[in-house]
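Reader: I'm a first-year student and pockets still confuse me. Could you give me a close look at one part of this model: which residues are the closest to the centre of the largest pocket?

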Amino acid sequence: MNITFIGGGNMARALIGGLLAKGHAAADLRVVEIEGSARAALIRDFGVTAFERPEEALAGAECVLLAVKPQQLRAVAGTLAGRLGTATVVSIAAGIRSNDLARWLGGHTRVVRAMPNTPALVHAGVSGLCAAPGAGAEDRARAEALLGAVGRVVWLSEETQMDAVTAVSGSGPAYVFYFIEALEAAGRALGLDAAQARALALGTFEGAAKLAAGAAESPAELRARVTSKGGTTEAALASMESDHLRETILRAVQSAADRSRALGDELGKS
């Protein structure tokens, strides 16, 4: 599959690395990146062909990945209108709806929205995908092959669910990092040195996530199993409950979803 990346930032680099690791030929990957040093780095690191302008990179493209900021997408899409042929367009811009993107692309409807997350950088990401009405089975297969190169994919039936994906998994790694920070700080406050606190916090998250991923039980059941009555874990969880931590998390994720929806409203205006 010939793929053209519009934007050569971290997520594009993660996807390129994942595709190459799965045996995709570097000769079939092209990248449009306006910044000269970033273009040179892409060529050096991956052996792909890199261009300054999209007009030079679209010929024969079967899939075009839009990896630019949401605020830049309308202008970028305008440079692609009329040049896409039968290519599948995959957008990873938060909030931007497929009908608005199709309009900016001059009526090109073979669009798939995707929301990957930063663990894609270590090929451990999870991406939510939603196909626009004009996208067919071939478009879905191309999008899944692209995002599946860096982790798991979850298909959504309704585009409105993309705001939830953005809030839960797209922004989710930051929540995990935040909790790791807090757990490290707690360890230091209790007398551990920085290296000890970090090793324990990171190891606990890594191990607990691996256990949850491989277990038949739900996270709630796993939590109950390790919470002995009158024990240390029960004391900690009781403190979290009294501080309404669950409700705080729910409100935080709702705020992210609301912002994703607002971005779509703001940037999708004619």
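Author: Let's start with the whole chain: of its 270 residues, 39% are buried (under 20% relative accessible area with a 1.4 Å probe, protein chains only; exposed is over 50%, partly exposed in between). What you see is a predicted model, where local features need pLDDT of at least 70, side-chain atom pairs need 80 or more, and totals for chains, interfaces and linings use all residues. Numbering runs from 1 along each chain as its sequence is written, and side-chain values use heavy atoms, without hydrogens or water.

The C-alpha trace spans about 65 × 40 × 35 Å along its principal axes. The secondary structure comes to eleven helices and eight strands (DSSP runs counted from the N terminus: H or I for helices, at least four residues; E for strands, at least two). Take the contacts (heavy atoms within 4.5 Å) in the chain with a separation of 6 or more: 62% of them join residues 24 or more positions apart.

Now for your pocket. The largest one has a volume of about 2800 Å³. Val176, Phe179, Phe205, Ala208 and Ala209 are the closest to its centre, out of 50 residues that line it. (On a 1 Å grid over the protein atoms alone, a pocket is an open set of points with protein on both sides within 12 Å along at least five of seven lines, and lining residues have an atom within 4 Å of a point; the volume is what probe spheres on the points fill, with points joined across faces, edges and corners.)

What is the lining made of? It divides into 32 nonpolar, twelve polar and six charged residues (nonpolar: Ala, Val, Leu, Ile, Met, Phe, Trp, Tyr, Cys, Pro; charged: Asp, Glu, Lys, Arg; polar: the others, Gly among them). Two strands, S7 (125-131) and S8 (151-155), each supply at least two lining residues. So do the helices H6 (162-170), H7 (172-189), H8 (194-214), H9 (219-225), H10 (232-242) and H11 (245-267).

Let's zoom in on Phe205, one of those residues closest to the centre. Phe205 has its place in helix H8. With a relative accessibility of 24%, Phe205 counts as partly exposed. Leaving out residues up to four places away in sequence, Phe205 touches Val176, Phe179, Ile180 and Leu183. Two of these, Val176 and Phe179, are also on the list of residues closest to the pocket centre. You can also find Phe177 from here: 28 residues separate Phe177 and Phe205 in sequence, and their C-alpha atoms are 9.9 Å apart in space.

While you're looking at H10 and H11, check the loop between them, where His244 lies. Phi of His244 is near 60°, a positive value in a residue other than glycine. Most residues other than glycine have a negative phi. With 47% relative accessibility, His244 counts as partly exposed. His123, in the loop between S6 and S7, also has a phi near 60°, and at 38% relative accessibility His123 is partly exposed too.

The second largest pocket makes a handy comparison, with a volume of about 820 Å³. Gly7, Ala67, Val68, Lys69 and Gln72 are the closest to its centre, among 31 lining residues. H1, H3 (70-80) and H6 each give two or more residues to that lining, and H3 gives the most, four. By type, the lining of this second pocket holds 15 nonpolar, eleven polar and five charged residues.

Finally, a look at the packing. The largest nonpolar core has 28 residues (a core being buried Ala, Val, Leu, Ile, Met, Phe, Trp, Tyr and Cys joined through side-chain atoms within 4.5 Å). Its members that touch the most other members are Phe5, Leu15, Ile16, Leu65, Val90 and Leu146. Among the elements that give two or more residues to this core are H1 (10-21), S4 (63-66) and H5 (137-147). H1 gives the largest share, six residues. Apart from this core lies another, of 23 residues, including Leu80, Leu101, Val111 and Ala132. As for Val90, its contacts beyond four places in sequence include Cys63, Leu65, Val112 and Leu146.

Methods. On a 1 Å grid over the protein atoms alone, a cavity is a set of points where a 1.4 Å probe fits but cannot get out, and a pocket is an open set with protein on both sides within 12 Å along at least five of seven lines; lining residues have an atom within 4 Å of a point.
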